[in-house]
Amino acid sequence: MSQQENTLEHQGLNEFYEKNPKEDVMDIFKAVLESIQNDLKDEELAFILNTLEHYQDQSYFHDLWKIMENQVHTYKQIVEFINQHQDYTNLIKIYLDEKFKLITVVEILAQINNLLETSPFLLKNRYFQKLAIQKTAYTVGDSYDLFIAASMVKAFQVTNPDVDFSKIKEKMLLYSEIALLDELELKNVTLKDIDTYAHISTGNLNEIALKDKKIISKYKIMKVLHELFHTPVVSVGLIIQQLSPANREELREVLKNVLRSNISEDYFQHILAAFDDEKGGYHFPQLFAYLSKNADEKLMLSFIKWTAKNLQLDHHYHRALKAYLKSHPRSVWKNKTYRKELGMISTTSFRKLVKEVENESASQVVKYFKKYGVQLSSVLFIILVLGSGLYFGYDLLADKKDKESVTKPNKAVASEPAKNINLDPFREWISEEPFVFKVNGQHQKMTFGQANPSGGKSLVLTDSHNFETHYQLMIDSEVSPFDEKGVLKEGFSLYHTEYDFDDNGIPEVVIMALNQTFESFVWVYSPASENGNMSLRSDLALKGMSAAKLVGNTLKLLGDQGQSETYAYLNQQFVKQ
């Protein structure tokens, strides 16, 4: 058919489309398709193509394609003809755009397979290739579970044996990996995710071509995580050194999250690396706190043994371990069997540490007996004998019966609070009286909340603009000075004071709960301004066995095990000395 004939026919068809309702045109279009037996004739092909072009900007366009899809043989011929002639490129684009209007990876992959099953020649269509790659990557990035979605792409295979899909799939995997990394929140990564990433990663991401620094950073971190958990590791520290300091810091936080529910002896190196201080040492206090919270006693003991065998132990390690053994609520030192096992560690320095813990964690009575031994036992024996004689009315020293009756002692009277104890600079907090303090010359007022108006853990701060902020006196301890309703328990009193630890002219707020046996709970808050309103930042929350002493830039307290603890206020935070 000549170009002139085609134009004249096209003009004639336009008049046909304008004069007939769309429904009638569709019926004729369907009839033409159904009448085709073998190969398309020129006039049949021209009618079909002209009809598609005429309605390409209308919704009827997609209805026409659906009619064609029902005539499989004719459909293949038409699509192949359109695919081979650039004049009709727009028709295939509109058609494919509609086909790829899907929202899940499963749907996109199924659509790719269906199209290549019926029209394998689409594999060479650049627009089809573009949509297959881009839409797959987009749905991976938009998936609820990024790793499952990417795994689906990895496992995808087309069912048409005549189609070599390998090159397009490589690009689909590459861009799906980029989409995954773009949306990935490293803080939420699990050990299973790292396993999956090791399986789906192409290893072909070009860090130079990737212009997004966040994606590059996450890619490098995931590569190192893959290496840490999926290759034989001689030194975790050396592997981590591949990363920049900023990336190493981010990796350590990921390791802490990943290992929290996967702690085992296989990962002791990993745990240690998570607390590297970048100065040739480790943050041992945080490390022991982390393990005591997330590992059981048996595993904690194994870790201590492992470090004693494999590390060059310095004073930082000894100080942190000793503090953990003596004072942590879940310390393995409380288990007699584990305590014996610690004592069997053969290194001289560790034996010395165990001896120090034994001495310092012993009660005052035990310490006294150890010091004075036999002499004290003799004195106690004499006192007991004399005491027994006096109780029955005999003066053993005088060797005569006491003629006067002996009165039995009364029951012990509950001790009253030591009123003469000096608690300066603390003042007792009377429930009806607000705690008023100044910040930058402006009055701030703290009162008890409605849940405990007579005293408790619920507090209300009212600043100079009458803006209210609510606080809770919280503490990480198995015991509390407050009952289940947040009310101050009987026997406890609350005290407050202002104290300028860093001498910057803005005093910190110190609150203390203290009972008659000097069981204490202490909170320290720093005033801070947020959006023009005053707030308090929690800096310290401690439990002790004495009233707090404020000296210079320090807060001193007798710990639960009877040891003196000092916390120095340095660089806007408290550091245990």
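**View 1. Histidine 318, a buried residue of helix H18.** In this predicted model, histidine 318 has a relative accessibility of 18%, so it counts as buried, the cut-off being under 20%. The residue belongs to helix H18, which spans residues 315-327. Which residues does histidine 318 touch, leaving aside those up to four places away in sequence? They are Leu313, Ser349, Phe350 and Leu353.

**View 2. The buried residues of helix H11 and what covers them.** Helix H11 takes in residues 191-200. Its buried residues are Leu191, Asp193, Ile194, Thr196, Tyr197 and Ile200. For a feel of how to read such a list, keep in mind that an α-helix has 3.6 residues a turn, so residues three or four places apart point the same way. And what sits over these buried residues of H11? The cover includes H9, helix H10 (166-183), helix H12 (213-230) and helix H14 (245-259).

**View 3. Methionine 152 and a nonpolar surface patch.** Helix H9 comes back here, running over residues 146-155 with methionine 152 in it. Is methionine 152 buried or partly exposed? Its relative accessible area is 32%, so it lands in the partly exposed class, between the 20% and 50% cut-offs. That value also clears the bar for patch residues, which is over 30%. Together with Val106 and Ile148, Met152 makes a nonpolar surface patch of about 250 Å².

**View 4. An open sheet of five strands.** Going across the sheet, the order is S3-S8-S9-S10-S11, and the pairing is antiparallel. Strand S3 (427-428) and strand S11 (533-544) are the edge strands, each pairing on one side only. Zooming in on one pair, strand S8 (residues 493-499) and strand S9 (residues 508-514) run antiparallel over seven bridges. Glutamate 498 has valine 509, in S9, as its bridge partner. As a reminder, strands of a sheet pair through backbone hydrogen bonds, either parallel or antiparallel.

**View 5. Where the predictor is confident, and where not.** The protein chain has a mean pLDDT of 81, with 85% of its residues at 70 or more. Confidence is highest in H9, at 94, and lowest in strand S2 (residues 400-401), at a mean of 40. Residues 388-419 have pLDDT below 50, and this stretch makes 17 contacts in the model beyond near neighbours in sequence. Over residues 1-8 the pLDDT stays under 50 too, with four contacts beyond four places in sequence.

Key: Residues are numbered from 1 along each chain as its sequence is written. This is a predicted model: local features need pLDDT of at least 70, side-chain atom pairs count only at pLDDT 80 or more; totals for chains, interfaces and linings use all residues. Side-chain values use heavy atoms; hydrogens and water are left out. Patches are made of residues with over 30% relative accessible area and no salt bridge: like charges are joined within 9 Å, nonpolar side chains (Val, Leu, Ile, Met, Phe, Trp, Tyr) within 5 Å. Accessible areas come from the Shrake-Rupley method with a 1.4 Å probe; for residues, only the protein chains shown count as cover. A salt bridge is a side-chain nitrogen of Lys or Arg within 4 Å of a carboxyl oxygen of Asp or Glu. Helices (H or I, at least four residues) and strands (E, at least two) are DSSP runs, numbered from the N terminus. Buried means under 20% relative accessible area, exposed over 50%, partly exposed in between (1.4 Å probe, protein chains only). pLDDT is the predictor's confidence in each residue, from 0 to 100. Contact means heavy atoms within 4.5 Å. Two strands pair if DSSP finds at least two bridges between them.
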